[in-house]
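Here is a short tour for anyone meeting this structure for the first time. Have a look at the sequence and the model, then read on.

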Amino acid sequence: MSETHAEYADAWGEPEPPQPPAASPIGAATAPAVTPADASDAARLVSFGLQPKLLPARDAEYGELLRRYRENPAFARLADAVATGLGLVVLEVSPRAGMAVTAGEDSVFAVRMGDYARRASTDSADRFLHGLAHLAVAAMAFPRPEDLADDAYIGRLTVNGVDAFVRQACLRLEQRAEEQGENTDPASDAPGLEAAWRIYARRSATGATKDARRLAGSTTGIVGKAAAFLTDSGFLQRTGDEGGGSYRTTARYQLQVRDMAGSAAMAELLELGVVPVSDGSATLLPPPEGDDLELAADAALPFHP
């Protein structure tokens with residue numbers, strides 16, 4: 001604009017021509033708006049995480065969404081928010097485990113041990129033993145803290161090995177109760193491992209069929225049902241029929257056991273010192289000498305709210 005024109009503009013109030021918008025400072029970025037497509041993709045990723053047997057390496061869409069989660073923080077926050085809204089806790093998002101989630105107590109996806117055991121049996125003692133079987137599988141799969149910390153560690157177990165482990169633990173608890181002069185025949189519905197040993201020890205390992213097939217209410221039947229449930233849930237993989245059924249752990253199960261490793265019942269069972277680091281066979285370690293550990297009276301079972 002010339003100086004003459006500027007003087008007339010000032011004198012007569014002529015408006016200044018519109019100015020272009022100021023450019024954003026170099027390096028500044030505005031967060032992109034979340035689109036319905038982004039929300040749909042985030043929910044899709046969470047839905048993949050709820051399919052525990054599905055691995056990212058075997059599904060191109062899952063793998064792409066997983067890559068997007070790991071490379072795009074905004075998308076990761078959106079997927080985490082979707083999971084939280086569904087009452088899920090994200091344990092890990094990685095190529096080895098996919099989007100590993102676990103259900104919170106109030107989630108519609110929560111599987112409670114009480115519900116699981118009631119489907120298996122109407123007997124209260126059986127329901128308690130089903131919880132003990134899950135606890136024993138976890139303890140035998142990952143007997144040391146370093147096993148849980150090592151992402152490359154794979155636990156191995158057999159149904160008969162878990163049953164032998166629990167029976168050895170029951171013997172150790174019986175000996176301790178006798179040494180301390182405590183009641184060795186508690187009520188069947190009492191909580192804690194002290195109450196469990198007599199119930200488990202008096203139960204037949206296989207049942208009374210002529211061909212020695214294990215019955216559903218036998219201890220190996222209960223352990224076998226726990227192992228089958230964990231396999232269906234993507235926590236174990238069946239590897240053979242030896243030892244009543246042999247299994248290996250998955251990355252998801254390691255994450256799940258990490259999450260519950262601080263439970264009192266888990267600590268009690270490991271502190272008995274009868275579970276070895278092995279290939280899942282029934283070989284057991286003798287209890288340590290001079291062990292006078294205190295057991296928590298109201299230890300909770302895993303997968304129980």
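## The overall picture

The protein chain comes to 12 helices and five strands. Keep in mind as you look around that this is a predicted model. Of the 305 residues in the chain, 40% are buried.

What about contacts along the chain? Take the contacts between residues at least 6 apart in sequence: 60% of them join residues at least 24 apart. On the outside, the chain exposes about 16,300 Å², and carbon and sulfur atoms supply 54% of that area.

## Two nonpolar cores

In soluble globular proteins, nonpolar side chains tend to be buried together. Here, the largest nonpolar core has 35 residues, and Val162, Val166 and Tyr253 are the ones with the most contacts inside it. Helix 6 (124-141), helix 8 (159-179), helix 9 (193-202), helix 10 (219-232) and helix 11 (251-260) each give two or more residues to this core. Helix 6 gives the most, with 11 residues.

Val162 is a handy place to start looking. Leaving aside residues up to four places away in sequence, Val162 touches Ala136, Val137, Met140, Leu157 and Val223. There's also a second, separate core, made of 18 residues, with Ala42, Val46, Leu66 and Tyr69 among them.

## A buried threonine

Now find Thr219, which sits in helix 10. Is Thr219 buried or exposed? It counts as buried, because its relative accessible area is 0%, and the cut-off for buried is under 20%.

Who are its partners? Apart from residues up to four places away in sequence, Thr219 touches Asp163, Arg167, Tyr200, Arg203, Ser204 and Ala205.

## A hairpin of two strands

Strand 1 (residues 88-94) and strand 2 pair in the antiparallel sense, over six bridges. Together they form a hairpin, with three residues between the two strands. To pick out one bridge, start at Val90: its partner in strand 2 is Val101.

## A nonpolar patch outside

Just follow the chain on from strand 2 (98-103), and in the loop between that strand and helix 5 (113-120) you'll come to Val108. Val108 is exposed, since its relative accessible area is 72% and exposed means over 50%.

Val108 has nonpolar company on the surface, too. With Leu50, Leu86 and Phe109, Val108 forms a nonpolar patch there, and together these residues have about 340 Å² of accessible area.

Methods
Residues are numbered from 1 along each chain as its sequence is written. This is a predicted model: local features need pLDDT of at least 70, side-chain atom pairs count only at pLDDT 80 or more; totals for chains, interfaces and linings use all residues. Side-chain values use heavy atoms; hydrogens and water are left out. Patches are made of residues with over 30% relative accessible area and no salt bridge: like charges are joined within 9 Å, nonpolar side chains (Val, Leu, Ile, Met, Phe, Trp, Tyr) within 5 Å. Accessible areas come from the Shrake-Rupley method with a 1.4 Å probe; for residues, only the protein chains shown count as cover. A salt bridge is a side-chain nitrogen of Lys or Arg within 4 Å of a carboxyl oxygen of Asp or Glu. Helices (H or I, at least four residues) and strands (E, at least two) are DSSP runs, numbered from the N terminus. Buried means under 20% relative accessible area, exposed over 50%, partly exposed in between (1.4 Å probe, protein chains only). A nonpolar core is a set of buried Ala, Val, Leu, Ile, Met, Phe, Trp, Tyr and Cys residues joined through side-chain atoms within 4.5 Å. Contact means heavy atoms within 4.5 Å. Two strands pair if DSSP finds at least two bridges between them.
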